[in-house]
Every structure is written in structure tokens, then in C-alpha cells.
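Here's a quick briefing to read with the model open beside you. Take the topics in any order you like.

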Amino acid sequence: MGSVTCNPLAPPSTRLLLNPLKIPKFCHSRRQLHGSQRASKIIAYYGLKTPPYKLDALEPYMSKRTLEVHWGELHRGYVEGLNKHLAKDDVLYGYTLDELVKVSYNSGNPLPVFNNAVQVWNHDFFWESMQPGGGDIPKYGVLEQIEKDFGSFTNFKEKFIEAALTLFGSGYVWLVLKREERRLAVVKTSNAINPLVWNDIPIISLDMWEHAYYLDYKNDKGTYTNVFMNHLVSWNAAMSRMARAEAFVNLGEPKIPIA
Amino acid sequence: MSKDTLEYHWGKHHRAYVENLNKQIVGTELDGMSLEDVIIVSYNKGNMLPPFNNAAQAWNHEFFWESMKPGGGGKPSGELLELIERDFGSFDRFLEEFKSAAATQFGSGWAWLAYKANRLNVDNAVNPFPSEKDKKLVVVKSPNAVNPLVWDYSPLLTIDVWEHAYFLDFENRRPNYISVFMDKLVSWEVVSKRLEIAKARATKREMEEERRKKEEEEENSEDEAVEVYVDGDESESE
């Protein structure tokens, strides 16, 4: 069984080993035995994942201060909220974060832990959707698929930016691989909703909550979105996610040579 | 609340809502209507039409600016305080509830103190008898642009908890922003005045409803006299 204890004072790169399988009943009773010693143990369930770059690596497009507040306080807050929920009632402990998101979404009637869980997932995904020196255009398979499903990369970019600018309130814009339709699409979601709950596979996301851009761009969503597309988006991450997604979605006929 | 925030919040956000709204309704049937009417019509019982967001946000922001004043805060007095104490137990309990509603509104939205004067309007069913849930103060929170007008409440006070309202001054510390708002910015005079208007409107509406009901009753009793047929007619025409 994975270890359940964690010292929250350790550097944030310490990650918990999570047991992705459901914990069978006897583990719950084992935790009871530890109850008497609980005073000396600090128990946390999920850890805060650091972005794969330093906090000032995205300058001048996304300032260090934004990263400090957005990751260090907001994202961390979501993780702590999630842990607090699980500390009260850990019947949902044992899922991976992906599964927890789908389960707590509860087909549209979300459980209280949903907001925190999905925001942790969303932010992990968002940090990894960016890289210093990002932007430019994708290559190989991702580019081919984009051109197949949108006509051209420019068309995709326009659609993505349009979705970002027309999103009202808080939310995210996604490049997502739709499982049923077996194609890429641009999707915008409100608040914390995530295409996982519709069983689609996200490839890239852009956080359009005001806290993501207000310190750097104030109300100028247009510039923020353009900067993201031109300088921040990580097509490398997109490539690895597409590769993984193709294991689940059959994207097209193989090229059978005509005899 | 810093000048920077006001410059952006009012000068850019609020201004954009107004300009976009004007662009959207020019030439349509919404053009000559009052702002409140535009809001209720475009809310369309939850199936919002495009002008709703801009209209509601324009109204909300005006309401928000007027809910504040320099050197505000403190406690309300007079009838407002009485009603608060009646409906929430004490001013502190109200404060707790309001602050909690504002802090827990997930995503963008608003928290409100509103006067609820209406009964459920169920046209084709027996009206539920008036409960104490009517004619009282309530704290409600709403997402994005929705405001209590669409539920037929009378808003008295609001706080904007869209992130653009507090991010420059407080970054992510929403609870601090809410506390500062309640301690230093709220204009209780304006709230009291709105309460008076709301109550007057509610009384007027009640009187009109009663009058209308009486008229209907009179009409019905006239009709009944005409609709009675005597059995003998049929056999006589033979």
C-alpha cells in the first residue's frame, strides 16, 4: 500500500505515492488503529505538484508574481481544500485524480469535493500546457490532426482565441480530442468544468479565470490569449498527450496501399 | 479600494458592458425599455438571450458603486437594523452569512442582501398560504451576471466578487476584500433608502393585487348569471 503520511513542510516537489487502486476495507480499519497515535502524525492525501519550470521562467509573458499567487496560493489552496475534504470523510480516497474528478462530478450533480479536486487537476494540466519558449506551431502528428479537423492551423488558432474572448465569467478553453467523434475540437467550459467529465481527452488548456491574467494584463483578454498562443503554449506537452490519447481513440483508417 | 481598481473596473469593465449592450440592442425591441425591463426580458426564465450578460452587468455595477461610499462601513440603524435583527438574529450573524456567501461563490458572481416580498406565483394551483418566508431580508449569491431582479426580489446591497473587483488590491485574498468592504465601504444610508423603496413597492403591489382579485370576483359573479340555462328551453323549441 502506498504511504499515506506526508510532511507538508517538506519542499513541494515531494510527492505522495498514491495507491491508484481502491483500498480494500482492511486498510480503513488499519487507519483506525493509528487513530490513537494521530496526534503525532500529519496526514495529507494529495500533494502540490510544481510546474515543470521555475516560477520566473515564463517572463515576460507571465510574471513571476502571477505564478507566485496563482500557483503558490490559489493552486495550493485548492490542494489544501481537497485534503481537508478527504480528512473529514475519506471514502473517496484511493482514486487517482482523474478518477476522482469523474466520480465527484457525479454526472452533473457534483459532490462538494468536486470543485477542489477538479481545480487541482486543471491547474496541474495548465502549468504543463505551457513552457518557456513555447508557442510556434506543432509538428508531425499533432499538426496533421489539427489540419485535418480545422482545415489549417490558423483556423484552429482563430477558433481558440474566439472561444477565449467570448467566454463569459470564469472558465477554461480547451483543445480536446473527442472520443465519440474521434476528432479534435475547441471547447470552452465554465468555472471548473473539465472535458474529462464528458469522457473526452484534453490536449491543451488555457485558464481564463481572471486571476490567471489580471496582474499582467488587467482586462486585456485579447493580448493574454495571443501571448499564450504565440509564446507560452507547449506543443511538446500536446504531442505527448496526443500520443497517449491515440491509445484510446482510433483516429483514422490506416493507409492501406492500393494494390 | 484603489484608484487603479476603480479606473479599470469602472473605466474599462463597466464601460465595456454599457457600450456592448448599446450595440446589441440598437434597433431591436429592447431599445426603448428601461434597464430593469431589458434584464428581465432577456433573462428569459433562465434561457438567457445575448443582451442579458451586458445588461445585467451594467445594472449590477451601477448598483455596486452606489452601495459604497468613502468613509462607509459601521452599522446600519433604524428600520434596516430592526429587520436585520429580526431576520438574522443579530447584525453579527447577518455579517457572517453575507461574508460566507460572498466567499463561497465559486467562480465569478455577486453576493446580495435583498428584500423578498413576493409569494410564489403559481397561477394554476392553489396559492400556498403566506408563510413567514415572505417579506423578509435574505442573503443570496448569484453566478456571473445573474441578479435578484430576475427572481423578483428587491436588491438592497451587493458586493462584486468577480476577481477583477479585488485582484489588484488583494490578489487572491477574497475574504480580506469582503471584510474591508463591510468595515470601510458599505453605505448603509443607501441601503436603508432602497429598503424603503422596496417596501413601498411591495405594499403598492399587494394593494393592486387585492384590487385586481376583487374585480375578477365581480366579473365572475356577473357571468354566472348569464350562463345558467333553464331545462325547459329545449322542449319548448320543439
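Let's start with a histidine that reaches across the chains: setting aside neighbours within four places in sequence, His164(B) is in contact with Glu210(A) and Tyr214(A), and also with His9(B), His13(B), Tyr17(B) and His61(B). Keep in mind that this is a predicted model. From here we'll go to the annotated site, then the chain A helix on the other side, the interface and the sheets.

**The annotated site in chain B**

- An unreviewed UniProt entry puts the feature "binding site" at His9(B), His61(B), Asp160(B) and His164(B).
- These residues span 156 residues in sequence, yet no two of their C-alpha atoms are more than 12.2 Å apart, so they gather at one spot.
- His164(B) sits in helix H6 of chain B, residues 163-170.
- Is His164(B) buried or exposed? With a relative accessible area of 1%, His164(B) counts as buried.
- His61(B) belongs to helix H3 of chain B, which covers residues 51-66.
- His61(B) is buried too, at a relative accessible area of 0%.
- Which residues is His61(B) in contact with, leaving aside its neighbours within four places in sequence? They are His9(B), His14(B), Tyr17(B), Trp110(B), Asp160(B) and His164(B), so the list takes in the other three positions of the UniProt feature.

**Across to chain A: helix H7**

- The side chains of His164(B) and Glu210(A) are joined by a polar contact of 2.7 Å.
- Glu210(A) is one of the buried residues of H7(A); the others are His211(A), Ala212(A), Tyr213(A), Tyr214(A) and Tyr217(A).
- In helix H7 of chain A (residues 210-217), 6 of the 8 residues are buried, so the helix is largely enclosed by the rest of the structure.
- What covers those buried residues? From chain A, the cover includes helix H2 (64-88), helix H4 (114-128), S3 and helix H8 (221-232). Chain B adds helix H1 (3-25) and H6, and H6 is the helix that holds His164(B).
- Just after H7(A) comes Lys218(A), which takes a positive phi of about 45°.

**The interface as a whole**

- Contacts link 19 residues of chain B with 19 residues of chain A.
- The two chains bury about 1,900 Å² between them, and 60% of that is on carbon and sulfur atoms.
- Which three residues supply more of the area that chain B buries against chain A than any other three? Phe106(B), Glu163(B) and Phe167(B) do, with 35%.

**The chain A sheet**

- In chain A, 3 strands form an open sheet in the order S2-S1-S3, with antiparallel pairing.
- The edge strands are S2 (183-190) and S3 (201-207), each of which pairs on one side only.
- From one strand to the next, the twist averages 20°.
- Strand S1 of chain A (residues 171-178) is joined to S3(A) by 6 bridges, and Leu175(A) stands opposite Ile204(A) there.

**Strands in chain B**

- Strand S1 of chain B (residues 109-116) pairs with S3(B) over 6 bridges in the antiparallel sense.
- Leu113(B) has Leu157(B) as its bridge partner in S3(B).
- For strand S3 of chain B (residues 154-160), 7 of the 7 residues are buried, so the strand is largely enclosed by the rest of the structure.

Conventions:
Residues numbered from 1 in each chain as written. Chains lettered and ligands numbered in written order. Predicted model: local features only at pLDDT ≥ 70, side-chain atom pairs only at ≥ 80, totals over all residues. Heavy atoms only, no water. Pairing = 2+ DSSP bridges. Helix = DSSP H or I, 4+ residues; strand = E, 2+ residues; numbered from the N terminus. Axes fitted to C-alpha atoms, helices over the stretch in contact; angles between N-to-C directions. UniProt positions renumbered as here; feature names shortened; annotations may be inferred. Buried < 20%, exposed > 50% of the residue type's maximum accessible area, 1.4 Å probe, protein only. Contact = heavy atoms within 4.5 Å. Polar contact = N/O pair within 3.5 Å; in protein donor to acceptor, adjacent residues only side chain to side chain. Buried area = accessible area lost by both parts, 1.4 Å probe.
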